Amino acid sequence: MPRHALPPSLGVGDRIGEGDCELVLDVLPPDLAEVAFEKMRKEVAWNVMYHRGGEVPRLVAVEGEVAADGSFPIYRHPADESPALGPFSPTVSLIREHVQQVLDHPVNHVLIQHYRSGADYISEHSDKTIDVVRGSKVVNVSLGAQRVMTLRMKRDGAPNAGQGGVPRPSQKIPLPHNSMFVLGLETNAKWLHAINHDKRPIQLKSPEEQFMDGERISLTFRHIGTFLPGDESRIYGQGAKGKTREDARPVVNGTEEVAKLLEAFGKENQQSEFDWDAVYGEGSDVLHFTLRDG
Ligand SMILES: O=C(O)CCC(=O)C(=O)O
Ligand SMILES: [Fe+2]
């Protein structure tokens, strides 16, 4: 007999994480949900992204709201090199409108990811919130094959776990086609989240998991409060040292500043009682985490 129950599978109406998360079904009208995957396959500028020198196991693209003067939001996270941001493509723009109707705040930035099969995944992490408007929520829209979001409490939030084989609290949230998972920042602070790989043979997968030949596109919309002007020479806003457009300062790529921000990101991944003001309050003007070659 197993000593511990399997993590619960949660969905609509359940208390998820710290209770500030929510799963919304049928977020897009059927006519849009039906064509969005194929349209995005063509309209989105897909890239491979690198982390620690290796390709991340999914295709990615970044889009956002580009202002008339060319300035745009920037979401910093530990990747060796993030793809360049483009303006919202047509189908993504429609999806964004529906997301904003359901949420009670705007979103100005999206990370779009194509999980090409069950072998593609995203490792356990907390979203990095230096640039995410405080008190806002992060949204994951799912299209195509159903995959499972796993939440696992950070180690320091479950001090009795890890000894004698007691696992840390964890929850599984299946994300069906045309659903929207709302990740509250309180849950992001106390839990890690992941889309684990699913290498089961196709015959063992449900029809929902086999949909679109097992391919999934997710759109992670965020409300970002940090910006770059079109020429990317300066940075300003919530996560920068200069908090307003007038106070924009030159971007920096110095080793010391990079190390400091990466250390802060590490703390956010580990600490349930992450002190945002103490760690991020001053801001950071770092743009790239490694020097681009060529
Ligand atoms: O694909 C997903 O739904 C999760 C994506 C995610 O966690 C992220 O981009 O930070
Ligand atoms: Fe995430």
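## Two domains and their contact

In this predicted model, the domain assignment divides the protein into domain 1, covering 22-227, and domain 2, covering 232-280. The C-alpha centres of domain 1 and domain 2 are 22 Å apart, and the contact between the two draws on 17 residues from domain 1 and 16 residues from domain 2. On the side of domain 1 that touches domain 2, α3 (185-190) and β15 (226-228) each contribute at least two residues. The residues of that side of domain 1 comprise five nonpolar, six polar and six charged.

One residue of the loop that follows β15 has an unusual label to look for in the backbone angles: Glu232, placed in the loop between β15 and β16 (234-237), has a positive phi of about 60° although it is not a glycine. Glu232 counts as partly exposed, because 16 C-beta neighbours lie inside 10 Å.

## The nonpolar core

The largest nonpolar core contains 54 residues, and those with the most contacts inside it are Ile112, Val141 and Leu219. Both domain 1 (22-227) and domain 2 (232-280) give residues to this core, so the core lies between them. As a general background, nonpolar side chains tend to be buried together in soluble globular proteins.

Ile112 can serve as a starting point for exploring this region. When neighbours within four places in sequence are left aside, Ile112 is in contact with Val44, Val60, Ala61, Glu63, Val92, Ile217 and Leu219, and Leu219 is itself among the residues with the most contacts inside the core.

## The annotated region and the ligand shell

UniProt, in an unreviewed entry, lists residues 106-225 under "domain: Fe2OG dioxygenase". Over residues 106-225 the chain is 8% helix and 40% strand, while the C-alpha atoms at the two ends are 11 Å apart.

The residues around ligand 1 are Leu111, Gln113, Ile122, Asp127, Asn140, His193, Ile195, Ser218 and Thr220. Two or more residues of this shell come from each of the elements β7 (109-115), β13 (191-195) and β14 (216-222). By character, the residues of the shell around ligand 1 divide into three nonpolar, five polar and one charged.

## Glu268 in helix α5

Glu268 is located in helix α5, which spans residues 255-270, and Glu268 is buried because 21 other C-beta atoms lie within 10 Å. Not counting residues up to four places away in sequence, Glu268 touches Ser126, Lys128, Thr129 and Phe274. The C-alpha atoms of Glu268 and Asn188 are separated by 9.3 Å, although the two residues are 80 residues apart along the chain.

## Two loop residues

Asn178 is found in the loop between β11 (170-175) and β12 (179-183), where its phi is near 65°, a positive value in a residue other than glycine. With 21 C-beta neighbours inside 10 Å, Asn178 counts as buried.

Arg52, by contrast, counts as exposed, because it has 9 C-beta neighbours inside 10 Å. Arg52 lies in the loop between β2 (50-51) and β3 (54-55). Its C-alpha atom and that of Pro78 are separated by 9.2 Å, with the two residues 26 residues apart along the chain.

Technical notes
Residues numbered from 1 in each chain as written. Chains lettered and ligands numbered in written order. Predicted model: local features only at pLDDT ≥ 70, side-chain atom pairs only at ≥ 80, totals over all residues. Domains from an automatic or database assignment. Contact = placed C-beta atoms within 7 Å. Helix = DSSP H or I, 4+ residues; strand = E, 2+ residues; numbered from the N terminus. Nonpolar A, V, L, I, M, F, W, Y, C, P; charged D, E, K, R; others polar. Core = buried A, V, L, I, M, F, W, Y, C linked by C-beta atoms within 7 Å. Buried ≥ 20, exposed ≤ 12 C-beta atoms within 10 Å, placed from the backbone. UniProt positions renumbered as here; feature names shortened; annotations may be inferred. Near = placed C-beta within 6 Å.
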